[in-house]
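Biologist: Hey, I'm new to this one. Can you pull it up and walk me through it?

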Amino acid sequence: MVPFGADGIVARQKQLHRSERHAAWATELGDAVVPYVAPWGRLAILVGDDTIYPEAFRLAALQDADVVAAPVTIQ
């Protein structure tokens, strides 16, 4: 997932956990939650099925995230 600002892409976050549902597009996994530092605070993004793992939210909290964006479609 990529958040956009006035100048285009401002950050990127790769999916952390392999998921059969997203196997076609999530071929390269990330190894950390990396918050985007915005003027209003730190934004962490959890991608796809990473949102089903409570540990992912804990990792965002350990990175001092103020907000976690979790774009997901519940199946």
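Modeller: Sure. Helices and strands here are DSSP runs, with at least four residues for a helix and at least two for a strand. Keep in mind that this is a predicted model.

Biologist: Okay, so how many helices and strands does the protein chain have?

Modeller: There's one helix, plus five strands. In sequence order they run β-β-β-β-α-β.

Biologist: And how compact is the protein chain?

Modeller: As compact as a globular protein of that length, because its radius of gyration is 12 Å, close to the 11 Å that the globule rule gives for 75 residues. Along the principal axes, the C-alpha atoms fill a box of roughly 35 × 25 × 25 Å.

Biologist: What share of the residues is buried?

Modeller: Of the 75 residues, 32% are buried. The chain exposes about 5000 Å², and 56% of that comes from carbon and sulfur atoms.

Biologist: What about contacts between residues 24 or more positions apart?

Modeller: They make up 42% of the contacts with a separation of 6 or more.

Biologist: Switching topic: how far apart are the mean positions of the positive and negative charges?

Modeller: 3 Å, taking 6 positive and 9 negative charges.

Biologist: Now T73. Where is it, and is it buried or exposed?

Modeller: T73 lies in the segment after β5, which covers 67-69. T73 counts as exposed because its relative accessible area is 53%, and the cut-off for exposed is over 50%.

Biologist: How far is T73 from P54?

Modeller: C-alpha to C-alpha, T73 and P54 are 17 Å apart in space, with their positions 19 residues apart in sequence numbering.

Note on methods: Residues are numbered from 1 along each chain as its sequence is written. This is a predicted model: local features need pLDDT of at least 70, side-chain atom pairs count only at pLDDT 80 or more; totals for chains, interfaces and linings use all residues. Side-chain values use heavy atoms; hydrogens and water are left out. The radius of gyration is taken over C-alpha atoms; the globule rule is 2.2 Å times the number of residues to the power 0.38. Buried means under 20% relative accessible area, exposed over 50%, partly exposed in between (1.4 Å probe, protein chains only). Contact means heavy atoms within 4.5 Å. Accessible areas come from the Shrake-Rupley method with a 1.4 Å probe; for residues, only the protein chains shown count as cover. Lys and Arg count as positive and Asp and Glu as negative; His and the chain ends are not counted. The place of a charge is taken as NZ of Lys, CZ of Arg, CG of Asp or CD of Glu.
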